[in-house]
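Hello,

Here is the structure I promised to pass on. Please take a look; my notes follow.

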Amino acid sequence: MKRRTVLAGSLAALAATSIPYRRLLAVNPAPDAGAEIAAAGLDGRTLSLKSTDIAELRAALRGDLLTAGQPGYDAARRLWNPAFDRHPALIARCLGAGDVRHAVSFAAAHGLLTAVRAGGHSFAGQSGCDGGLVIDLSAMRAVEVDPMKKEARVEAGALLGNFDREAQAFGLATTAGVVADTGVAGLTLGGGMGRLGRRFGLSCDNLSAVELVTADGRWLRASAYENADLFWGLRGGGGNFGVATLLIYRLHELGQVYGGALVYPYAADARQLLRRLADAIASAPDELYVGIDCDTGEHGERLVELDVCYSGPLQQAERVIAPLRRIGKPVKDELAAQSYVKLQGSADTPGVSPDAIYLKGGLVEGLKPALIDAVVDYIDNNPSDSYDIGFQPVGGAIGRVAPHATAYFGRAASHDMYIMGIWKVPGKGAERNIAWVREGWKHLEPLTRGHYVNTAGETHERENRARVAYGDNYARLAALKKRYDPTNLFRLNFNISPA
Ligand SMILES: Cc1cc2nc3c(=O)[nH]c(=O)nc-3n(C[C@H](O)[C@H](O)[C@H](O)COP(=O)(O)OP(=O)(O)OC[C@H]3O[C@@H](n4cnc5c(N)ncnc54)[C@H](O)[C@@H]3O)c2cc1C
């Protein structure tokens, strides 16, 4: 209860809707039985939905429409990050674009607070809401690969693991994130960084088309040839412009990779270790990905964990990776040739994570000495038993795309840096960990240049942070938003205000 209070205070999106909705729901606990159910409107108004209108939506959908108390409701409302315990009024479990059209039209007609859920991995809990409608795509997981065209048609509820497995069955792949149970749609629409990103670009750089339902209930296809302006905005603009139902990707040939975990103790010489690491990766080829986490292990021990993937010719792997093995004395070296699917699945926590997470993030241009000093000084002077300060590599092919070519703007970055506080739920760690992250961010944020919307964290200062994330692209995005979502129906995201 205490944790909920802390979070509600810190995340403004919760504050506007949760209290009035809960009071009304208590008066009318069996929504379908009575004439009306209480729901949260856009801008925090409380609405009454007629049970006849709900019945009409239920009859129109191929999938289920769940309300509180129904079998399956509780499992369906849960998000990956248990820091967020949302209770929507309605969950539309869509089975296709037709269901999405009905759900969007219902939400727009009633002015209903609306969340869109694909893999449910939003760090900021944005794919759920209190009192509104969740458009849940998690039953739409089909992946179809055309090996002749080297193309994949991926339904918007698919997880990265679904996509990787089907593509690899044909010796193909494209950039995806590093945890296989993350959703393809949320990740790609915000950008999409991963083990192949330096070689093939962001996930969104590999899109050739997106099918979506816009706020007025229209179904559209966006590509370089149709609705090209919208296609520009969808590549990095997050969920601002509609509900994507299908994403079409270009694929690349990919055989076995060489990689895994290489772990060093975070000891008294952490500063030197990180400097040697920075030197070792400064001129890494595009085929080499080295994720870095200064974090705590299973027993609270402090570590520097490297997540390595070399996707170039296997016979060169040992030579390319050798400098990483020379920076210190590892406590774990699991680097080996293996299938890409196996490596991609190595960090899964399927379903709901046992740990709650509070995160902030921003882009950095090089692991410079001042940045390493700031990280080490903060860790050394602010003990925490469960944290992660990490760096996900970008650059390479990602940096060779012009910042104005897609909505994703931060092309000059070398890494996406994030700082996380982690605590068990149920437990009392929220307040302490949130404070630890916020204090750390005061030291780290001045060393960042922009954010990556999928890892930027809390969104209560969202307009300002969205402007920072989208830089010179913001004005064009705001104009697009006005055209495709003038009432800001899709606002539970890194929100762009309609111009
Ligand atoms: C464990 C973990 C590992 C991660 N690793 C990486 C990584 O390696 N690389 C990386 O780039 N990111 C990574 N992320 C961040 C990730 O990209 C975001 O959390 C992303 O939002 C997850 O997508 P999802 O579909 O699971 O999200 P959801 O929580 O389902 O959705 C998040 C948001 O995306 C939007 N959205 C989702 N689906 C749609 C849709 N079909 N149409 C319109 N809008 C939609 C909505 O605004 C929604 O609020 C990671 C996150 C976690 C929790």
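Helix α7 gives the largest share of the shell around the ligand, four residues. Helices (H or I, at least four residues) and strands (E, at least two) are DSSP runs, numbered from the N terminus. α7 (184-190), β5 (114-117) and β12 (243-250) each supply at least two shell residues.

The model is predicted: local features need pLDDT of at least 70, side-chain atom pairs count only at pLDDT 80 or more, and totals for chains, interfaces and linings use all residues. Residues are numbered from 1 along each chain as its sequence is written, and side-chain values use heavy atoms, leaving out hydrogens and water.

In total, 33 residues surround the ligand (a heavy atom within 4 Å of it). The closest are A118, G120, S127, M193 and Y452. By class, the shell has 16 nonpolar, 16 polar and one charged residues. Here Ala, Val, Leu, Ile, Met, Phe, Trp, Tyr, Cys and Pro count as nonpolar, Asp, Glu, Lys and Arg as charged, and the others, Gly among them, as polar.

Now the backbone. A polar backbone atom of S122 is 2.8 Å from a ligand oxygen. For L187, a backbone N or O atom lies 3.3 Å from an oxygen of the ligand. L492 also places a backbone N or O atom 3.3 Å from a ligand oxygen. The protein covers 94% of the 940 Å² of accessible area that the ligand has on its own (Shrake-Rupley method, 1.4 Å probe).

Elsewhere, α13 (369-381) and α14 (430-444) pack at about 150°, axes 10 Å apart. That makes α13 roughly antiparallel to α14 (angles over 145 degrees).

Best wishes

Conventions:
A polar contact is a pair of N or O atoms within 3.5 Å; within protein, one must be able to donate a hydrogen and the other to accept it, and residues adjacent in sequence count only if both atoms are side-chain atoms. Axes are lines fitted to C-alpha atoms, for helices over the stretch in contact, and angles run from 0 to 180 degrees between N-to-C directions. Angles under 35 degrees count as roughly parallel, over 145 as roughly antiparallel, 65 to 115 as roughly perpendicular and the rest as oblique.
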